[in-house]
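I opened this model to look up how its helices pack and which side chains are shut away from solvent. My entries follow in the order in which I went through them.

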Amino acid sequence: MTHVEEKMLLSSLTAEFYSQTPPQGEAKVKRRRRKKARGDVDMEVKKRRLTDEQVKFLEMNFGEEKKLESGRKMHLASEIGLDPKQVSVWFQNRRARWKNKQMEEDYMKLKSMHDSVVVEKCHLENEVLKLKKRLEEAEELIKKISGGMGSSPSSSFSNNRVEGEADQLMYMSEYSYNGLMDWMCLYGV
DNA sequence: TTGTGTTTTATTGCCTCC
DNA sequence: GGAGGCAATAAAACACAA
């Protein structure tokens with residue numbers, strides 16, 4: 001029986017179990033399957049759990065290749081005595097589980113990265129505050145020096161020295177501050 | 001034993017690709 | 001148009017506390 005014939009048969013058997021088509025003008029809505037009526041022998045499908053060996057075998061093959069082409073499906077099915085359909089269903093469900101797990105792991109990784117960025121941001125904000133304070137102090141020092149200069153020729157040497165240090169301090173503060181800002185912009189912090 | 005939550009197997013409808 | 005994939009869902013099977 002071909003895939004389509006199978007589908008048609010199933011559809012004819014189950015048509016009455018489905019709700020109506022979606023109202024016109026609405027976006028496509030997935031029709032919900034109606035619950036199977038109790039005691040409907042025709043539609044009764046016995047659900048059998050696979051044995052541990054079968055699951056182990058399928059897991060092993062899933063580890064090698066997550067997709068299943070037709071020849072491989074037939075081969076695996078005959079190896080463990082299952083219907084090829086069961087093998088494809090198992091792979092389909094296994095891919096869904098794998099995808100969920102991957103997403104969970106990705107979420108945890110992103111969360112961890114986010115947390116460390118938040119901590120880093122906090123550190124950087126503290127650093128910015130400290131640097132701003134140093135800058136203010138440097139500016140204050142420069143004001144004091146430039147206000148008291150020129151009165152005593154004997155102090156010119158020490159004044160020049162102090163001025164040089166203040167310039168250097170200010171330059172360093174600005175350099176660090178600007179560099180930090182550049183870095184923060186670069187990384188969007 | 002039974003009620004309830006979780007996992008596994010199976011089905012369906014829709015979508016994409018060839 | 002057929003084959004196969006995926007998301008959503010149903011329902012059987014299982015686990016486990018009370």
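Entry 1, a polar residue. I started with asparagine 61, and the model I read it from is a predicted one. Its relative accessibility is 9%, so I log asparagine 61 as buried, the cut-off being under 20%. Asparagine 61 sits in helix α2. Setting aside neighbours within four places in sequence, I find asparagine 61 in contact with Arg72, Leu76 and Phe91.

Entry 2, the chain as a whole. I counted 5 helices and 0 strands in chain A. Read from the N terminus, the order of elements is α-α-α-α-α. Chain A has 189 residues, and 15% of them count as buried. I also looked at contact range: among contacts in chain A with a separation of 6 or more, 53% come from residues 24 or more positions apart.

Entry 3, the core. Which residues make up the largest nonpolar core? I list 10: Phe57, Leu58, Phe62, Leu76, Ala77, Ile80, Leu82, Val87, Trp90 and Phe91. The elements giving two or more residues to this core are α2 (52-64), α3 (70-80) and α4 (84-147). As background, I note that nonpolar side chains in soluble globular proteins tend to be buried together.

Entry 4, two core members. I took phenylalanine 62 and left out residues up to four places away in sequence; phenylalanine 62 then touches Arg72, Trp90, Phe91, Arg94, Arg95 and Trp98. Next I took valine 87, which lies in helix α4. Is valine 87 buried or exposed? With a relative accessibility of 0%, valine 87 counts as buried. Not counting residues up to four places away, valine 87 touches Leu58, Leu68, Lys73, Leu76, Ala77 and Leu82. I also checked a C-alpha distance: valine 87 and histidine 75 are 12 residues apart along the chain, and their C-alpha atoms are separated by 10.0 Å.

Entry 5, α3 against α4. I read a packing angle of about 110° for this pair, with the axes 8 Å apart. The range for roughly perpendicular is 65 to 115 degrees, and α3 and α4 therefore count as roughly perpendicular to each other. On the α3 side I find Arg72, Lys73, Met74, Leu76 and Ala77, which meet Pro84, Val87, Ser88 and Phe91 of α4. Sorted by class, this contact has 6 nonpolar, 1 polar and 2 charged residues.

Entry 6, the buried face of α3. The buried residues I find in α3 are Arg72, Leu76, Ala77 and Ile80. Why do I say that they line one face of the helix? Viewed down the axis of α3, the buried residues fall within an arc of 130°, so they line one face. I then asked what covers these buried residues, and the answer includes α2 and α4.

Entry 7, the end of α3. After α3 I come to glycine 81, which has a positive phi, near 65°. Glycine 81 led me to glutamine 54, which touches Ile80, Gly81 and Leu82 when residues up to four places away in sequence are not counted. Glutamine 54 lies in helix α2. Its relative accessible area is 13%, so I log glutamine 54 as buried.

How values were computed:
Residues are numbered from 1 along each chain as its sequence is written. Chains are lettered from A and ligands numbered from 1 in the order in which they are written. This is a predicted model: local features need pLDDT of at least 70, side-chain atom pairs count only at pLDDT 80 or more; totals for chains, interfaces and linings use all residues. Side-chain values use heavy atoms; hydrogens and water are left out. A nonpolar core is a set of buried Ala, Val, Leu, Ile, Met, Phe, Trp, Tyr and Cys residues joined through side-chain atoms within 4.5 Å. Buried means under 20% relative accessible area, exposed over 50%, partly exposed in between (1.4 Å probe, protein chains only). Helices (H or I, at least four residues) and strands (E, at least two) are DSSP runs, numbered from the N terminus. Contact means heavy atoms within 4.5 Å. Axes are lines fitted to C-alpha atoms, for helices over the stretch in contact, and angles run from 0 to 180 degrees between N-to-C directions. Angles under 35 degrees count as roughly parallel, over 145 as roughly antiparallel, 65 to 115 as roughly perpendicular and the rest as oblique. Ala, Val, Leu, Ile, Met, Phe, Trp, Tyr, Cys and Pro count as nonpolar, Asp, Glu, Lys and Arg as charged, and the others, Gly among them, as polar. The arc is that of the directions from the helix axis to the C-beta atoms.
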